[in-house]
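Okay, thanks for squeezing me in. I'll pull the structure up first, and then we'll walk through the sheets and the helices around them.

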Amino acid sequence: MLAWKDPVTYIHGLTAQQRRVLKQLEVETVGDLLSILPRRYDDYSNLVKIAYMPIGEPVTLKVKIKQLKKLPTFRRRFVMIRGLLEDDSGAVAATWFNQPWMLEQLKPGDEVYVSGVAKRHPRFGLGFASPLWEPANAETLAAGNIAPVYPLVGQVTQKTLRKIMKAAVDDLSDIEDSMPVEILANQHLPILIDALRLVHRPAIAEDAEKGRSRFVFDEVFFYQLALRLARNEADLGGAPQIKFDEAFAKKFVAQLPFELTPDQKRAAWSAFKDLEQSRPMRRLVQGDVGSGKTVVAAFCAAMVYRGGLSTAFMAPTDILAKQHALTLQRFFKPHHIPVLLVTSSTRYLDEGGEITKLSIQETKNRLAAGRIVAVGTHALLERDQCPSDLALAIVDEQHRFGVAQREALTVLERPDKMVPHLLSMTATPIPRSLAMTLFGDLDVSTIKTKPAGRQPVTTRIMVGETGRNLAYQAVKEAVRRGEQAFIVCPLIDPSDKLGSKSVEEEIVRLRNGPLKGLKLLALHGKLSAVDKDQAMNDFKEKKADVLIATTVVEVGVDIPNATIMLIESAERFGLAQLHQLRGRIGRSDKPCVCHLIATDEDADITRLKVLERTTDGFEVAEEDLKIRGSGNLLGYEQSGRSLFRYARFTDVGIMSQARDQALEILKNDPLLKNNQTLRSRAEEVRQTAHGE
Ligand code: ADP
Ligand code: MG
C-alpha cells in the first residue's frame, strides 16, 4: 500500500524507463505525482460497432486486425503503417505514423481495442489517424474509459503517465486528509482519496469535475487562510490611529480644483474610518483609468499629515512617481503639506511651494525626521528610505507590483512593531467575485462614476493598410488642431524585450513616410530613468506632437492634451491591456479616439469588438474573463507566475465558497491556535508563495 509521502519509486511494477521519466518530471513522492491533474479527458467510453460509429467523435472499437503493413514513404526515417480493422459489422482503415514497433507487437488476427476519432480524409477516405490501441485480452487504460490527458513534459508519453498514475491510484492506502470533515460535508466535497480516484480514473465525465473541484477548493481555501493568517499576525502590532479631522477635511475639499465625485467621497470616507482604527487598514481602491483615484489617496495622506505622521506614496515607475509628486504638490500647496520626491534620478522637497533639491544624505535625514509625504517607487520600502513614523503606505497600480512586494507590505513593520495602514489602487477592473478571491485580505472600494465633463473615448477597429492610413490622417488632423497623439507598438521580436528596436524602427518609418513633418518622440524600456522622464516631460510640455511608445505608457501617465491613440497590432494585446492603454487618452473635455489597428488581415478581431461597444472597464473585464474561460488565472498578477495551479476563471463559484469557509474558520480562531493541522498547511502555502 502506498502513502502520500512515499517515494514514487515505491509504486508497484515501475520499469527503469518509467523511473527515469518520473525523475525527469521532478516527481519525488507519490503525492507529487498524483497532484499532477489531467488537463482534459478523452472519452473513449463509447464502445461501438464500426457500422454504427459516429464520425468526428471519440469512440472505442473492438476489432480484429485484418491487415497490417508498412507503406512506402518518400521521407527517410518516416514510417507509415496502414491497417485494416474489422468487426462483425464492417471494416475501417487506420494509419499510424512513426511507430515501427507496432509491426512486431501486432499480427493479423489479433484482437484489439482501438480508441480515437474517425474522420473522412479527402484522399484516403474514412479512417483513424494514429488511434490508441490496446490488446483486447488485458485491462485497458483508454478503451472503454474516460482517459485522462496529462500535461506532458519531455519524453513522457500519455500512455506511460496513464499507466503510472493508475498503478499509484489503485495501490493508495488510506491517506491523511487535512480538510476537516465538517467542511467537506458542508461543501459536498469528496475526501481526498476519493477525489484522487475521481480525477485520475473517472467512470463518468461528471466524476472528473467532482474530483477536480476538491483540488480547486483546497487550493483557494489554503491560499485564503495563509493570506488572512499573515494579516492577522501582522495586525497584532496594531496601527497608529489617525483621528478624522472634519474641519480640515472640509477645507481640503473646498480647496481642490474640482468637485469630488460621490464615489471618490465614499472611498475617502471609508478609508478615514479605517485609519481611525488600531487594526491596520488594507483597502484596495479600484476604478477605471481616469476615474480619479489619486486624489482619494492624496486626501488620505493629507489626513495622516494632520495627524502628525508620515505617508509613503509608491508608484511602479519613476515617471509615475514624479507625476504623483507634482499632483500632490498641487493639492497640498494651500495646506503647506511637505512633499518629498525620492527617485533614482531626482530628489527634492517641496514645502508650501518652495522647492529644494536634496542630496541622498539630506533625503535620508528628512525621512528620518518624519511627518512627511514621501513619493517614490517601491524602493521606499527599504529600511533607510522609509519615513521613521510611517503610518500609511499607498501603492498605486497595485497589479503591477508582484506578489512578493505585496507580502512585504503586509509584514512591513516599524521599529516600534506598529504596522502602517495600506491603501492600494488599481485600474485593472476585476469582477467583484474574483477580486474577493485574489485579494481576499483586502477591503475594496470601487470608483465607478467618472469625473463630470469627460468625453468617452471612441474606439475604432481598423484593418490593414487602408485602415492604418485613415488613422494617420486622424493623427495629422489632431495635431493641426494643436492636440497630441500616442502611437503604441508591440514588441517586434522576443529578443527586443524593452521594445527599443520596435520603437526606433517605427519612428524612422513614420518620420520618412506617413507622419513626415510632425515632431515625433520615442519612449521605450531601454531609455534611462532620466531620459524617460525627459521624454515624458517634453511630451507634456508639447515639445512633440506624437509619442511613439511601447506599453510603458500603459499605467497612470496623465496627458490631457493627447486625444488620439493608435495601437499597432492590437490583436496581439489582451482586452484588459488595451482598455488600460486607451485610458491614457480621454482625460479632458475634448473628444478622443483610439484606433485599434489589426495588422494581420486574417486576425480574429471579434474579440476586439467589445472595446468598440463599451468603455466600462468592468464589462471589458467580464468579457475578458469569458474569453479566457477555462484558462489559467495567470495575468492578473503580472509577476509572470500563475497564482493558482488548479483554479480557473470558470471556478469563481467554488472559489468564493472556499474563501467564505476560510473566513468562517478564522472568525472563531484568528491565529488558528486550535486548528494546528490547518495552520501548518497554511504555513506551507505561505512559504511556497514566498519561495518562488
Ligand atoms: P486614475 O484613477 O487613473 O489614477 P487620476 O487620479 O490620475 O486617475 O485622475 C485623472 C484626471 O482626472 C486627473 O487629471 C485629475 O486631476 C482629474 N480628476 C480627478 N477627480 C476629478 C473630479 N472629481 N473632477 C474633475 N476632474 C477630476
Ligand atoms: Mg493613477
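So, which strands does helix α12 lie across? Bear in mind that what you see is a predicted model. Helix α12, residues 360–369, lies across β12 (339–342), β13 (347–351), β14 and β15, and runs at about 135 degrees to β12.

Those strands sit in an open sheet of 9 strands with mixed pairing, and if you want the order, it goes β14-β13-β12-β15-β11-β16-β17-β10-β18. β14 (354–357) and β18 (443–447) are the edge strands; each has a single partner strand, so one side of each has no neighbour in the sheet. From one strand to the next the twist averages 20 degrees. For a bit of detail inside it, take β11 (residues 310–314) and β15 (residues 373–376): they run parallel and are joined by 4 bridges. One residue to click on there is A312, whose bridge partner in β15 is A374.

Now the other sheet. Here we have 6 strands in an open sheet, ordered β19-β24-β23-β20-β22-β21, and the pairing is parallel. The edges are β19 (457–463) and β21 (520–523), each with a single partner strand, so again one side of each is left without a neighbour in the sheet. Ignoring direction, neighbouring strands in this sheet are turned by 20 degrees against each other on average. At the β21 end, β21 pairs with β22 (residues 546–549) in the parallel sense over 4 bridges, and L523 stands opposite A549 in β22.

What packs on this one? Helix α15, residues 464–480, does, touching β19, β20 (484–488), β22, β23 (562–567) and β24 (592–598), and its direction makes about 145 degrees with that of β19. Then there's helix α18, residues 575–582, lying across β19, β20, β23 and β24 at about 150 degrees to β23.

Next, a helix pair. α7 (residues 205–235) packs with α21 (residues 652–668) at an angle of about 40 degrees, with the axes 8 Å apart. The two are therefore oblique to each other, and α7 passes α21 in a right-handed crossing. On the α7 side the contact includes F217, F221 and R228, and on the α21 side M655, A658 and L666 are among the residues involved. Split by type, the contact residues come out as 12 nonpolar, 5 polar and 2 charged.

Last, the overall layout. The domain assignment gives domain 1 (1–44 + 151–173), domain 2 (46–144), domain 3 (238–447) and domain 4 (457–614). Taken over C-alpha atoms, the centres of domain 1 and domain 4 are separated by 50 Å.

Methods
Residues numbered from 1 in each chain as written. Chains lettered and ligands numbered in written order. Predicted model: local features only at pLDDT ≥ 70, side-chain atom pairs only at ≥ 80, totals over all residues. Heavy atoms only, no water. Axes fitted to C-alpha atoms, helices over the stretch in contact; angles between N-to-C directions. Parallel < 35°, antiparallel > 145°, perpendicular 65-115°, else oblique. Left-handed = near helix turned anticlockwise from the far one by under 90°. Contact = heavy atoms within 4.5 Å. Nonpolar A, V, L, I, M, F, W, Y, C, P; charged D, E, K, R; others polar. Pairing = 2+ DSSP bridges. Domains from an automatic or database assignment.
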